[in-house]
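Let's take a walk through this one together, starting where the chains meet and then working inward.

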Amino acid sequence: MSKHTFTHLDALESESIHIMREVAAECKNPALLFSGGKDSIVMLRLAEKAFRPAKFPFPLVHIDTEHNFPEVIATRDKLAADLGERLIVRSLEDSIKRGTIVIKDPDKPRNPYQSVTLLETIAEFGFDACMGGARRDEEKARAKERIFSFRDEFGQWDPKNQRPELWDIYNTRVHAGENIRVFPISNWTEMDIWEYIAREKLYIPEIYYAHKREVIRRGNSVIPVSHLVQPKPGEKVEVLSVRFRTVGDMTCTAPVESTASNAQEIIEETSTTRITERGATRMDDQTSEASMELRKKEGYF
Amino acid sequence: MSNAIQLLRFITAGSVDDGKSTLIGRLLHDSKSIFEDQLSAISKTSEKRGMAAVDLSLLTDGLQAEREQGITIDVAYRYFATPKRKFIIGDTPGHEQYTRNMVTAASTANLVVILIDARKGVLTQTRRHTFLASLVGVPHIVLAVNKMDMVGYSEDTFNTIVAEYRAFAAQLGIHGVTCIPMSALNGDMVVEHGDNLSWYKGAPLLEFLENVVIDYDVNTADFRYPVQWVCRPQTQEYHDFRGYMGRIESGDIAVGDEVTVLPSGRTSKVKEIVTYDGNLQRAYAPQSVTLTLEDEIDISRGDMFVKASAMPQVAKEFEAMLCWLAEAPLDLNRKYIIKHTTRMVKCLFSRLEYRVDVNTLAHHATAKLNMNDIARVAMKVQQPLALDHYSKNRFTGSFIVIDEATNNTVAAGMIA
């Protein structure tokens with residue numbers, strides 16, 4: 001070993017590849033959730049490393065809230081096409097038309113409803129395993145979730161009744177109708193993601209890098225102006241140099257002020273930042289201390 | 001020498017009262033791994049609960065149920081980094097009923113920090129945690145004698161505890177424990193040395209974690225390569241490509257090396273070591289790679305590549321140490337499923353040799369196994385497995401047992 005340099009990124013990468021191959025080998029009908037965000041782009045590269053020179057033994061799936069940044073959707077489509085992999089997109093609008101999602105205000109954040117369309121998509125295709133790019137460092141509830149997270153027929157997570165996960169031996173068995181969520185990058189941090197993006201020279205949506213954008217200030221947050229978010233009377237539109245640390249629902253994803261224009265500069269900013277990724281950018285997680293835990297119990301990722 | 005940052009996985013064992021969460025909070029806080037929004041959230045909670053200072057232990061309380069009850073109910077993973085290393089902390093509860101959680105977290109750890117309250121010294125639970133760490137073969141043990149501020153930072157108290165602990169550890173064959181006096185509450189000997197323990201000449205905990213040598217925690221001698229997935233692209237370009245994908249669990253492999261495929265015993269030579277980033281001449285544990293062979297032989301998932309110079313035992317009957325994890329006790333009349341490396345086969349428990357009292361280490365004859373019990377058992381499997389003694393190889397010496405009816409993971413096993 002001493003002659004061979006094996007960095008922490010190599011260790012994380014090898015672990016993730018190993019997890020993806022276990023899913024491919026043991027699950028009957030897996031899928032990889034792919035949104036065009038940075039974590040799922042890392043997942044895509046890991047899948048290439050795991051399965052090339054063959055095609056992926058699973059499709060890519062995106063649950064579209066129709067509240068996404070257009071740059072992210074464009075990246076999603078471009079990367080799936082470049083790789084020649086199958087992309088399945090299901091939209092919250094479909095569930096709204098079916099009447100399975102009833103929303104009061106179409107412009108309000110839609111993350112809470114994503115679970116419904118996800119579960120409907122799982123049922124439509126009969127997926128028994130969905131791989132997602134969630135990380136344990138993102139949020140307290142995620143920190144306690146297994147890499148192979150078993151869900152019942154309703155897609156629900158029971159934090160007190162998780163399967164013990166020992167060594168690198170994963171229990172992938174489910175009964176018909178049940179499924180597992182698999183998180184191959186559980187052990188990666190935000191910093192690891194950026195270091196990997198830099199190392200692998202991954203193409204990510206431009207909005208992750210600093211750019212001029214019209215924003216308004218609400219409370220402690222800076223909110224991007226879009227067709228969904230317009231200034232209220234008395235609110236001032238400012239143009240700031242910002243970048244997004246996460247790219248979710250446009251109505252509740254806040255950018256941070258930044259001049260970092262490439263992955264290396266973001267690594268430098270990330271190493272000195274004093275605010276967590278979600279704390280800085282996800283207004284919906286701040287509703288209560290248990291927001292994510294409650295969403296997960298309902299079938300969310 | 002390379003300046004590559006390594007990854008160290010460690011766990012902490014001790015009860016809430018030993019200041020375990022405070023220690024983790026202190027490590028994160030003093031290494032500047034706590035973010036302002038996290039700090040402000042726990043400051044608010046501390047205030048709500050009427051505490052005078054910020055309670056760092058709140059940082060590791062994850063779930064609503066835990067916050068309501070003020071306990072830790074499951075394994076939580078924390079991440080922090082220094083310029084020297086990246087760390088993954090497996091935070092495990094110290095309650096008696098949670099042996100399974102400690103075994104779970106310890107199974108992937110390079111190191112365990114066992115906490116002792118300096119006022120109480122070596123307790124039953126200290127012995128239990130040490131036994132479990134040795135059972136699961138955690139390569140490095142640190143004894144953190146905490147709350148030194150409560151005993152006037154007494155060197156004598158520390159030395160007495162250390163002597164008692166070392167004597168106990170020696171019974172388990174554990175030597176080379178690193179013992180550190182500390183006050184997690186005040187920050188002495190966690191990240192900074194502090195002024196209160198000037199008589200102690202060793203390094204603070206974080207410095208030790210940054211420098212402990214972990215290169216040899218994996219078995220570097222015996223090549224073990226369980227096949228995970230057979231890659232057959234069947235495209236024009238890769239028409240005849242047949243690659244065996246997997247992770248090198250131990251040892252290393254080079255192009256041209258002869259390999260034996262178990263359990264069939266057929267041999268061939270490595271033709272290529274394929275990776276996305278180009279072919280390699282040699283690959284080492286724990287790299288994930290794709291191997292192609294010179295000869296076309298029948299190989300599928302669950303087979304294991306080894307070298308003839310270092311063969312594992314291929315057996316259908318063996319003995320193991322078992323930690324029972326499920327609420328339903330072991331049923332000796334039933335067949336279970338065993339997952340060993342990438343192979344799943346049916347198994348039977350033919351004999352319970354003895355149960356270990358984790359508090360006294362005494363062996364007792366037993367007719368049943370309940371949750372959190374640890375026992376030596378004799379097992380039979382339907383198909384032969386390529387096994388190593390757990391003390392020689394954590395990857396090929398370990399297995400899990402699955403209940404076919406519920407699909408739950410019901411036991412963790414170590415070949416012994």
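A salt bridge here is a side-chain nitrogen of Lys or Arg within 4 Å of a carboxyl oxygen of Asp or Glu. Keep in mind that this is a predicted model. With that rule, Glu26(A) and Lys339(B) qualify, their side chains meeting at 3.2 Å, N to O. That pair is part of a bigger tally: eight salt bridges run between chain A and chain B, and the structure holds 47 over all chains.

Now for the interface itself. On the chain A side 66 residues are in contact with 81 residues of chain B. The size of an interface is often given as the accessible area lost when the parts come together. For chain A and chain B that area is about 6500 Å², with carbon and sulfur atoms giving 56% of it. There are also 28 residue pairs in polar contact across the interface, counting pairs with both residues at pLDDT 80 or more. Which helices of chain A supply at least two residues each to the side that touches chain B? They are helix 1 (8-26), helix 2 (38-51), helix 6 (190-200) and helix 9 (291-297). Helix 1 gives the most, with 12 residues. Sorted by type, the residues on that side of chain A come to 26 nonpolar, 16 polar and 24 charged.

Helix 2 of chain A is a good place to zoom in. Its Lys49(A) reaches across to Asp277(B), which sits in the loop between strand 11 (266-274) and strand 12 (282-284) of chain B. The closest N and O atoms of this salt bridge are 2.8 Å apart. Is each partner buried or exposed? Lys49(A) counts as buried because its relative accessibility is 7%, while Asp277(B), at 55%, counts as exposed.

Asn407(B) offers another view of the two chains meeting. It lies in the loop between strand 20 (398-402) and strand 21 (409-415) of chain B, and at 2% relative accessibility Asn407(B) is buried. Beyond its close sequence neighbours (those within four places), Asn407(B) is in contact with Arg163(A), Asn171(A), Arg173(A), Val174(A), His175(A) and Ile402(B).

Next, some salt bridges within a chain. In helix 3 (residues 70-83) of chain A, Asp82(A) and Lys78(A) are four residues apart, about one turn of the helix. An α-helix has 3.6 residues a turn, so residues three or four places apart point the same way. The closest N and O atoms of Asp82(A) and Lys78(A) are 2.9 Å apart. Asp82(A) is exposed at 53%, and Lys78(A) is partly exposed at 37%.

Over in chain B, Arg224(B) and Asp388(B) form a salt bridge at 2.6 Å between the closest N and O atoms. Arg224(B) is in strand 7 (residues 224-231) and Asp388(B) is in the loop between strand 19 and strand 20, so the pair ties together parts 164 residues apart in sequence. Both ends are covered: Arg224(B) is buried at 1%, and Asp388(B) is buried at 8%.

Stay in chain B for one last stop, helix 4 (residues 99-106). Eight of its eight residues are buried, among them Arg100(B) and Met102(B). The buried residues pack against several elements of chain B, including strand 1 (6-13), helix 5 (124-135) and strand 15 (313-324).

Definitions and conventions
Residues numbered from 1 in each chain as written. Chains lettered and ligands numbered in written order. Predicted model: local features only at pLDDT ≥ 70, side-chain atom pairs only at ≥ 80, totals over all residues. Heavy atoms only, no water. Contact = heavy atoms within 4.5 Å. Buried area = accessible area lost by both parts, 1.4 Å probe. Polar contact = N/O pair within 3.5 Å; in protein donor to acceptor, adjacent residues only side chain to side chain. Nonpolar A, V, L, I, M, F, W, Y, C, P; charged D, E, K, R; others polar. Buried < 20%, exposed > 50% of the residue type's maximum accessible area, 1.4 Å probe, protein only.
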